[in-house]
Amino acid sequence: MSDIAIHIEHLGKQYRIGKRETHRSLREALSDALAAPARAFSAAARHSPPGSADSIWALDDITFDVKGGEVVGIIGRNGSGKSTLLKILSRITLPTRGLADIYGRVGSLLEVGTGFHPELTGRENLYLNGAILGMKKAEIDRRFDEIVAFSEVEKFLDTPVKHYSSGMYMRLAFSVAAHLEPEILVVDEVLAVGDAAFQKKCLGKMGDVAKTGRTVLFVSHNMGAIAELCQRAILLDHGRIVEMGEVNGVVRAYLSSVAEKAESAAIAPPEVDKGVTLQRVAVYDDEMHNRSELDYRYPFRLRLDFNVTKPISQLSPWLSLTNQYGVVVFTTWIDYQQPYEPGHYTAVGVIPGQLLTPGSYYVSVGAEHYRVEAYHYAPQCLSFDIINTDPSFDGTLPGWGVIHPKLDWHIQGG
Amino acid sequence: MARVELSSAPVRIRPARGWAGINLREVWAYRELLFYLVWRDVQVRYKQTVIGVAWVVLQPLATAVIFSIIFGNFARMPSDHLPYAVFAMAGLTPWNFFSGALIRGSASLVANANLISKVYFPRLIVPAAGILSGLVDLAVVLVLLFFTMLFFRVVPGPAVLALPLILLITFGMGLGVSLWLSALNVQYRDVGYLTPVLAQMWMYATPVIYASSLIPEKWRWVYALNPMVGVIDGFRWAVLPGRPAPVAALAFSTAVMVILLVSGALFFRRMEDSFADVV
């Protein structure tokens, strides 16, 4: 047996426009069937013929190999085909063309808590979910205590999960998933659950998994996590591989592709409108001029526009900056758990001068009911540069650290 | 710590294969999941009810009482010289299992859409679990039937030994129809609305609450084209004493069951590849 774990060749997946096949009405199908019985029957099973105008290729001619024990990150914007790729590798859906060979037992984690039933207790759901994820009962029995301890919900094990807080629910769900032991692990954006402390724990667990020599394919929007866990990354755009190789280079390519350098950027509306819509982020210099290049020495402003369409009891909009290496420099609450009435809101914050090391930065914004519900999230939607204008400073980012603050030093002696 | 299960043969992922057989070995490999899905269905069905599993007994009991009063007392429906309650229950027991299988089985794929779009497993497990979960109710109702017969002093003859066979045919029939309907339901949601209506019409076309002897001799053969006639008459023959074995009807039912099961499995297999994209 070779040391290849996953071999993918010219893989392609076609969907009808709208991304999901819509179920047709029976009448439509019946009239088709009367017109041409054989054709309608095979069309119902096989969907539209390849190449027809009302279809798109969610994945197009993907070819790559993953070696055993390698941890590979898959990155790209929403709709770039990452999830489709994982679905094919998890055998949930079949490709339209091409092939993939997988050497080993695959465990896939496209969602945490799949199959959880609200009426069942934590303990019951743990077994059910384990079975759904492909664990044997003996395996779950053996690791039961470990899973429960990891989840931190011991006390509520015999309570139906419908009474759980969303945090507890997610912790239990992730804990089961984290104890899967396949040879090849395929993980979609599931680490973005729970509070910060639990996320960190999950990330640590993922790191452990990676270190045990298992092959991992990992999709995430968290570039820091990708850079930390993966050796290699693949950047997808419109279903094609645009960049593949050493992780830092690919992350950089992704970051510069997602955020056009601009002084302001409109944010795409959320998939599901939950009452809060982020609309636009913008950068201004000290004198309130719209700019995408900012002088290291002076303060500058970030502005977020958002709309609230129904009363929200506790809203926490936030903003975070990521540098060109995918490191999150900071995250800041724009407001924290405040009630909001419907209306249009504008938030402006000042970032002090002489703080950020010169380089490229990416702005991510979000609005959520903290630890309960995310209303809207726009990762890396705007980019700006901090320009080095300080004659005493000739550094580049990695060597000088994430920030290069001006501090008050009191020097005595002489 | 890692349980490494070195698989010599790779998993080969290829575009849709068209017509192919069901991989029964794989279904067997996923038997624990099947067990858990059945177990979940049974658990959930009577959670947060005050009397819980007693509903399994009460529902058919209430139906039998209502039917006994309306059809047995008022309509004086002939019941082959047996107490009408016993006669009706001996029809309702297999029928309720079958129609429950039909309704749960055909809705099963859509009801489990979240599983199908997130996890791989042989999809056949989903309708199979929907039907198997009805076995628990069936077992309880069989006990109820036993006590009812005891109460009316009706003692089954040696034909009772054929009961497992009859139940197997009922099960196969339910699964066969469910394979067709559940796969169609993914593509055409109309099926979800149609199935309960179908089940109801089918019941009146089957000797559940009346005796098949009610049908004029001339039309018997048309009537027997309904494959459930053989099943229900077969069940009555097995549990009630002194009835002739409906050999021809049962043989016909068995043949239809096999055809439904095989064609259903092939159709299901054919549609399976696109479930996750369509559901």
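The sheet of chain A is a good place to start in this predicted model: six strands form an open, mixed sheet in the order 5-6-7-3-8-9. Strands here are DSSP runs of E of at least two residues, helices are runs of H or I of at least four, and both are numbered from the N terminus; two strands pair if DSSP finds at least two bridges between them. Strand 5 (106–109) and strand 9 (240–246) of chain A each have a single partner strand, so one side of each is left without a neighbour in the sheet. On average, neighbouring strands of this sheet are turned by 15° against each other, direction ignored. Such angles run from 0 to 180 degrees between N-to-C directions, with axes fitted as lines to C-alpha atoms, for helices over the stretch in contact.

Within this sheet, strand 3 (residues 71–76) and strand 8 (residues 232–237) of chain A run parallel and are joined by five bridges. I75(A) stands opposite L235(A) in strand 8 of chain A. Helix 3 (residues 82–89) of chain A packs on the sheet, touching strand 3, strand 5, strand 6 (184–187), strand 7 (215–219) and strand 8 of chain A, where contact means heavy atoms within 4.5 Å. The direction of helix 3 makes about 140° with that of strand 3 of chain A.

Chain B has 12 helices and one strand, and along the sequence the strand precedes the helices. Of its 279 residues, 53% count as buried, that is, under 20% relative accessible area (exposed is over 50%, partly exposed in between; 1.4 Å probe, protein chains only). Among contacts in chain B with a separation of 6 or more, 81% link residues 24 or more positions apart.

Turning to the rings, Phe, Tyr and Trp (its six-membered ring) pair if their centres lie within 6.5 Å, with planes under 30 degrees apart stacked, over 60 edge-to-face and the rest tilted. The count comes to 25 aromatic pairs over all chains. The rings of F35(B) and Y36(B) are edge-to-face, because their planes stand at 70°, with centres 5.4 Å apart. Both belong to one aromatic cluster with Y127(A), F144(A) and W39(B), and Y36(B) is buried at 4% relative accessibility.

Charges also meet rings, counted if NZ of Lys or CZ of Arg is within 6 Å of the ring centre and within 35 degrees of the ring normal. The charged end of R91(A) sits over the ring of Y120(B), 4.0 Å from its centre, while R31(B) lies over the face of W28(B), at 4.4 Å from the ring centre.

Residues are numbered from 1 along each chain as its sequence is written, and chains are lettered from A and ligands numbered from 1 in the order in which they are written. Local features need pLDDT of at least 70 and side-chain atom pairs pLDDT 80 or more, while totals for chains, interfaces and linings use all residues; side-chain values use heavy atoms, leaving out hydrogens and water.
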